[in-house]
Amino acid sequence: MPRSHRILYAALLILGLLAPLVAYPIFLMKALCFALFASAFNLLIGFTGLLSFGHAMFLGSAGYICGHAIKVLGWPTEFAILAGVAASALIGYVVGTLAIRRQGIYFAMITLAFSQMLYFIFLQMPFTGGEDGLQGIPRRHLFGFIDLDDDLTMYYVVFAITLAGFWMIYRTIHSPFGQVLKAIRENEARALSLGYDVDRYKLLAFVLSAALSGLAGATKALVFKFETLTDVHWHMSGEVVLMTLLGGMGTILGPTVGALIVVTLQNYLASLEGWVTVITGAIFVLCVLAFRRGVVGEIAARIKG
Amino acid sequence: MTELFGIPIQAFLSQILLGLVNGSFYAMLSLGLAVIFGLLNIVNFAHGTFYMLGAFGAWMLLAYAGLNYWFALVLAPLLVGAFGVLIEKTMLRWLYKLDHLYGLLLTFGLALILEGLFRQQFGVSGQPYQVPEALKGATNLGFMFLPNYRAWVVIASLVVCLLTWYVIEKTKLGAYLRAGTENPQLTQAFGVNVPRMVTLTYAFGVALAGFAGGLAAPIIQINPLMGSNIIIIVFAVVVIGGMGSILGSILTGLSLGVIEGLTKVLYPEASSTVVFLIMALVLLVRPAGLFGKEK
């Protein structure tokens, strides 16, 4: 890791540790969950070249499973989170196996369709509470002794979880496996002709991204103490695309920056209700037409150029 | 009364008809998507939104201009098509050299903007629209009552779809279009104005969606969310059928509508997911789609 990067990451770490001094923990936790979610999504679009338009299914499924495990089955917090992650990874495996059978833009349509199917399933299943959602999810104690009902304690736990997720993504990208993923993004046919089992690599990246999105979803359900259909709706799948696009696809910090911007924006625009959709759409159009590198990509290009 | 699986035949027939009606919309929308994708290489997420615009267009023409159904059925698609020209000229034009995904993302943004604007203006409760006088009532076929309007929807859509097929596969204009899809540079070199053809193709594709919306207006609740609700199903239809064949698109759209209708009688819980399940099955058995050619 170059020195300038190390300084940057250290500064961000300190910023994250001190952030609760200036901002509400709930808001920060929401931002962190979405930062992890968007970074997990970026692992696919930015580093493998796969556009999933159904990532909400992983966020929401993990939230429901984690919430159900802790509230109804009475599981300890850490196992409930793991259950959520495992559920998302499993769904990722099934959907991924089917979706990678088609190339290019079909992949986006297939993932969108499957996520809509899961939306309908969650709408009908009794354990999700349908339109009302799963309410009153307890946070309990992490490892039996860390009381999570205190928002500040919860913040540092969420911060640690997010860091662990980021670390995994960082290691993946910089591993030989990550290099093969990049090769697939740049030229799939060539990667195939070099003897790489492209489908297996894609599937593994998809499952990894699904599991990490699940980690974000399970954590988010505990932060807010409820889980609703909003998290499995296709709007959410669009939102994570927007965060990544706005921050910078294929950059390490881009999704986090994008998530921060979008979450902050939603916070300030909450009173505008219906207009939020219009504004979100407008940002999409602007990004695609004039700002395809995103915030971080643009800054990186300036520094290099 | 005759029964099948303990359910009256009547119920089956009426659900098949309803399924055919929905299938006609799937067919028209997936046809437009396929034509646009073929030439522009853009997956038009806003396609459902144009369908919604067609329905609202018909409603607004009546409410604000006093124009009846028949005028609306012609005017609404034209207006939607004109709007499509505007979108293509000002935005999509810049994306042709980029990766597919940007076209999808831009049209997704457009869909959000339009859906949001209409929601602000009209809410989500839905606007009613009367069935035109000439098509009210039902015809007694002896074994069932056939609502005239629904029959008209199926017939009109079929005619429009087959006409599209004829124009693209059997006429000179269609030959240009197919040549442009195959190799735009070469087609341009032969003196065909490809950029104009691209604009008109997009306009035609979305006008088709607008026409479907106009046809749907009297039998659905016209609301801003109708577009995104249908487009995801249409995506699944396109994955099942493959975008390679026009007749394939029509056939896939209609049969999935019918299957969905039958599921409503046999196992209502699965009616919202059956299309996606079929998609999963097709991906397992024939990954390229029923009528698709893998590139």
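Angles under 35 degrees count as roughly parallel, over 145 as roughly antiparallel, 65 to 115 as roughly perpendicular and the rest as oblique. This is a predicted model, in which local features need pLDDT of at least 70, side-chain atom pairs count only at pLDDT 80 or more, and totals for chains, interfaces and linings use all residues. Residues are numbered from 1 along each chain as its sequence is written, while chains are lettered from A and ligands numbered from 1 in the order in which they are written.

**Exercise 1.** Describe how α2(B) and α8(B) pack.

Solution. Step one is the geometry: helix α2 (residues 47-65) and helix α8 (residues 194-216) of chain B pack at an angle of about 50°, with their axes 7 Å apart. Axes are lines fitted to C-alpha atoms, for helices over the stretch in contact, and angles run from 0 to 180 degrees between N-to-C directions. Helices (H or I, at least four residues) and strands (E, at least two) are DSSP runs, numbered from the N terminus.

Step two is the class of the angle: α2(B) and α8(B) are therefore oblique to each other.

Step three is the hand, and the crossing of α2(B) and α8(B) is right-handed. A crossing is right-handed if the near helix is turned clockwise from the far one by less than a right angle, and left-handed if anticlockwise.

Step four is the residues: α2(B) contributes, among them, Phe50(B), Gly54(B) and Ala58(B), and α8(B) contributes residues including Val206(B), Gly210(B) and Gly213(B). Two residues are in contact if their C-beta atoms, placed from the backbone, lie within 7 Å. By class, this contact has 11 nonpolar, six polar and no charged residues. Here Ala, Val, Leu, Ile, Met, Phe, Trp, Tyr, Cys and Pro count as nonpolar, Asp, Glu, Lys and Arg as charged, and the others, Gly among them, as polar.

**Exercise 2.** Do the same for α9(B) and α10(B).

Solution. The axes of α9(B) and helix α10 (residues 246-266) of chain B come within 9 Å and cross at roughly 125°. The pair α9(B) and α10(B) is therefore oblique. The crossing of α9(B) past α10(B) is right-handed. On α9(B) the contact uses Val237(B), Ile240(B) and Gly241(B), and on α10(B) Gly248(B), Ser249(B), Thr252(B), Gly253(B) and Leu256(B). Sorted by class, these are three nonpolar, five polar and no charged residues.

**Exercise 3.** Which elements of chain B give two or more residues to the side that touches chain A?

Solution. Start with the totals: 33 residues of chain B are in contact with 33 residues of chain A. The elements are α4 (100-122), α9 (226-241) and α11 (274-285) of chain B. Of these, α4(B) gives the most, with 16 residues. The side of chain B that touches chain A has 24 nonpolar, six polar and three charged residues.

**Exercise 4.** Locate Arg140(A) and Lys225(A), and state whether each is buried or exposed.

Solution. Arg140(A) lies in the loop between α5 (105-124) and β1 (141-142) of chain A. Its phi is positive, about 55°, although Arg140(A) is not a glycine. With 19 other C-beta atoms within 10 Å, Arg140(A) is partly exposed. A residue is buried if 20 or more other C-beta atoms lie within 10 Å of its own, exposed if 12 or fewer, and partly exposed in between, with C-beta atoms placed from the backbone.

Lys225(A) is in the loop between α9 (198-224) and α10 (234-247) of chain A. Phi of Lys225(A) is near 65°. Lys225(A) has 15 other C-beta atoms within 10 Å and is partly exposed.
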